Amino acid sequence: MIEGNDSSFVSKKRLIFLAVVSAAVMTGILIRYASVMLSPKDIPVQPEVTVERGSILDRNGRILAIQTTLYNIAVTRSAVTDKPLFARTLAPVTGIPEPQILAELEDDYTDFFYLKKRITENERDQVSAAVRKEGLRGIRLEPVQSRTYPENDLASHVVGFVGEDGFGLTGAEYSFQETLSPPASRSGSAPAGCSIMLTIDGNIQYELEKIAKETRADTGAEAVMLIAAEAATGEILAYVSEPSADLNHFPRSTPSERQDRPALYAYEPGSVFKIFSISAMMDAGFIRDSDEFLCDGLYTYTASNGASIRIRCLEHHGWLNPGGVIRFSCNDGTAQIAEKSDNVTFEAKLRAFGFGSKTGVELPGETAGIFRPNEEWSLRSKQTIAMGQEISVSALQMVEAATAIANKGRRLKLTLLRSVYTHDGEPVYTHEPVPLGNPLKPETAERMLSYMQLTAEAGTGARASVGDVPIAVKTGTAQMLDSENGGYSQTDFISSCMGIFPANDPEIILYLVIVKAQGETYGGRIAAPVISRATDRIIDYLGLGRARATSVSHSGFVHVPHLSPVEFRNRMPDLTGVSKKMILNLLTGTDFYVSIEGDGYVTAQNPPPGTPLEKGMTIELEFGE
């Protein structure tokens, strides 16, 4: 039994102790709370999802672009314990001077920096070996997706280029970005991109690029465009814009090398355009094949209001029918023919060929050219447009319009895309010809082909003839606009030539444009011979029938050797005469550093055949014909 108030249990010392303990606990809670509040939240990091980018191939399966892996050298300054050793070790394997590496390490702007970006597998192995040997800290090698272009500058304007962020910047790499590299989903799945097969034939492309380079050198021209297309499908077999850029060194290229002229460059086509203007007026019934026009060297026309125009011709051709106007490229006769047409019908017929509109070919930035509506024409517009002035076109528009002449009046859409395949090789798209209407009646198209064939046999296009295969030709020479002084330049010209062959059953449309040739500029003299050379190469490659072809007897049995990729195992094989396609596993692999020069087939190699192969060694290959 307790009586009264016993205060001995609650002493002053116990109260002090309890207060101290409580304060300590509260302090601990506050510290923990502050720590939680001030520390960064633990947000789960979504792992990076990469998508394997599809390849780009030519119509024969020749690889023009393929996915590879490069590496960035990432450095954390605070983790580098011995900066002089770090710089001394990495200088020889990165090619960066030792003082420069030291300066980077001493820079305290940020703790993290990239010492070097986009090094090869071989360089990565050398860096890794040096880091392990010296036990360096604060360095890591980050893999990044990259792109390799085994054929360098072959069809570079069509293939295009991928930037460091993995997105296409030009050409098919840009146009088919989401097909080649579909966006990765947030769920973590990484679908592989599709591969695209272009309509380009690498062999024809290679031959025509050589011809274009030689033409540019011979004429001193600023640029050369050369396009070959299948008449019956609209598929582009060769697409040449010279100068061109090496895609493996694209950032070093010049603006001129990067310019895709066949799609982007708009120019006045000159007399080649007469095949479209005259066939349009013939098709509309304004003229007949039997009509004749007197060329006295000067066309004059006076309107009812007294205004007049004068157009000179290079010659006094005398009496010509429409075929003669084409054959001799007569300006006077062309203007007289145009005079018979009304503006509205003439404009409509030319627009039916596609002029004034983009072709829609699978390349970025295509021009529509300039073709003003007839309401804005002057007194002389109809006549000058008929001669290929007062209208600007692209080389692609000219080729697409020519499909109507080659296909009995039916115009076909041009394309660079032959097919699309999934990562597993399943086809998801195959090109079929796309008709774009009938600008001409079949008989009008055939009549124009006959005019053009006569032009190749005994007219301004005679130098384009190949002799034993009939070809339909039209040449052109157009003064370029003088952007500084106005009017037309007296020194700068567009020289061109259109060829369609065989003329009796068209298979190929070939179109050449030479920009600002120096010296001789007449299309019949400098452009027509180039068309002849290009036609010869294509005829031989495609095996088209020739009148001079040798007839031989044969058993009918042909032995075709089995071709398979070359294997690189213990020793260096003999690669003489081997194409790039047969050593693709070497070019895209990671075991060796490969240096290549030229195109065609291997003509020289280092190391020689039989040399033991070691991982990381350099293999040098020279290619030629």
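What share of the contacts in the protein chain with a separation of 6 or more comes from residues 24 or more positions apart? Such residues account for 70% of those contacts.

## Overview

The model is predicted. Its protein chain has 625 residues, of which 49% count as buried. The chain contains 20 helices and 19 strands. Its accessible surface is about 30800 Å², and carbon and sulfur atoms contribute 52% of that area.

## Confidence

Mean pLDDT for the protein chain is 87, with 86% of the residues at 70 or more. Residues 1-9 stay under 50 in pLDDT, and the model gives this stretch 1 contact beyond four places in sequence. Residues 549-563 also have pLDDT below 50, and that stretch makes 1 contact beyond near neighbours in sequence.

## The five-stranded sheet

An open sheet of 5 strands is arranged in the order 7-6-16-15-14, and the pairing is antiparallel. Strand 7 (236-242) and strand 14 are at the edges; each has a single partner strand, so one side of each has no neighbour in the sheet. From one strand to the next, the twist averages 10°.

Strand 6 pairs with strand 7 in the antiparallel sense over 6 bridges. Within this pairing, Met-225 is opposite Ser-241 of strand 7. At the other edge, strand 14 and strand 15 run antiparallel and are joined by 9 bridges. Here Val-473 stands opposite Gly-499 in strand 15. The hairpin of strand 14 and strand 15 has 6 residues between the strands, and Gly-486 in this hairpin takes a positive phi near 80°.

Strand 15 is also joined to strand 16, by 8 bridges in an antiparallel arrangement. Phe-501 has Ile-508 of strand 16 as its bridge partner. These two strands form a hairpin as well, with 6 residues between them. Of the 14 residues of strand 15, 10 are buried, so this strand is largely enclosed by the rest of the structure.

## Helices packed on the sheet

Helix 8 lies across strand 6, strand 7 and strand 16, and runs at about 30° to strand 7. Helix 19 packs on the sheet too, touching strand 6, strand 14, strand 15 and strand 16. The direction of helix 19 makes about 145° with that of strand 16.

Which span should the 15 residues of helix 19 (residues 528-542) have at 1.5 Å a residue? The expected value is 21 Å, and the end C-alpha atoms are 21 Å apart, which agrees. The buried residues of helix 19 are Ala-528, Val-530, Ile-531, Ser-532, Ala-534, Thr-535, Ile-538 and Ile-539. Their cover includes helix 8 (202-219) and helix 18 (523-526), together with strand 6 (223-230), strand 14 (472-481), strand 15 (488-501) and strand 16 (508-515). Just after helix 19, Gly-543 has a positive phi of about 75°.

## Backbone exceptions

Most residues other than glycine have a negative phi, and most peptide bonds are trans. The peptide bond from Glu-242 to Pro-243 is cis, with omega near 15°. Pro-243 is in the loop between strand 7 and helix 9 (255-258). Another cis peptide bond runs from Asn-606 to Pro-607, with omega near 10°. Pro-607 is in the loop between strand 18 (601-606) and strand 19 (618-624).

Where does Asn-152 lie, in terms of the elements on either side? Asn-152 is in the loop between strand 4 (139-148) and helix 5 (156-159). Although Asn-152 is not a glycine, its phi is positive, about 60°. Is Asn-152 buried or exposed? Asn-152 is buried, because its relative accessible area of 15% falls under the 20% limit.

Glu-390, a residue other than glycine, has a positive phi near 65°. Glu-390 is located in the loop between helix 15 (381-386) and helix 16 (395-406). With a relative accessible area of 24%, which lies between the 20% and 50% limits, Glu-390 is partly exposed.

Methods:
Residues numbered from 1 in each chain as written. Predicted model: local features only at pLDDT ≥ 70, side-chain atom pairs only at ≥ 80, totals over all residues. Heavy atoms only, no water. Helix = DSSP H or I, 4+ residues; strand = E, 2+ residues; numbered from the N terminus. Buried < 20%, exposed > 50% of the residue type's maximum accessible area, 1.4 Å probe, protein only. Contact = heavy atoms within 4.5 Å. Areas by Shrake-Rupley, 256 points an atom, 1.4 Å probe, with all protein chains shown as cover. pLDDT = per-residue confidence, 0-100. Expected span 1.5 Å × (residues − 1). Pairing = 2+ DSSP bridges. Axes fitted to C-alpha atoms, helices over the stretch in contact; angles between N-to-C directions.
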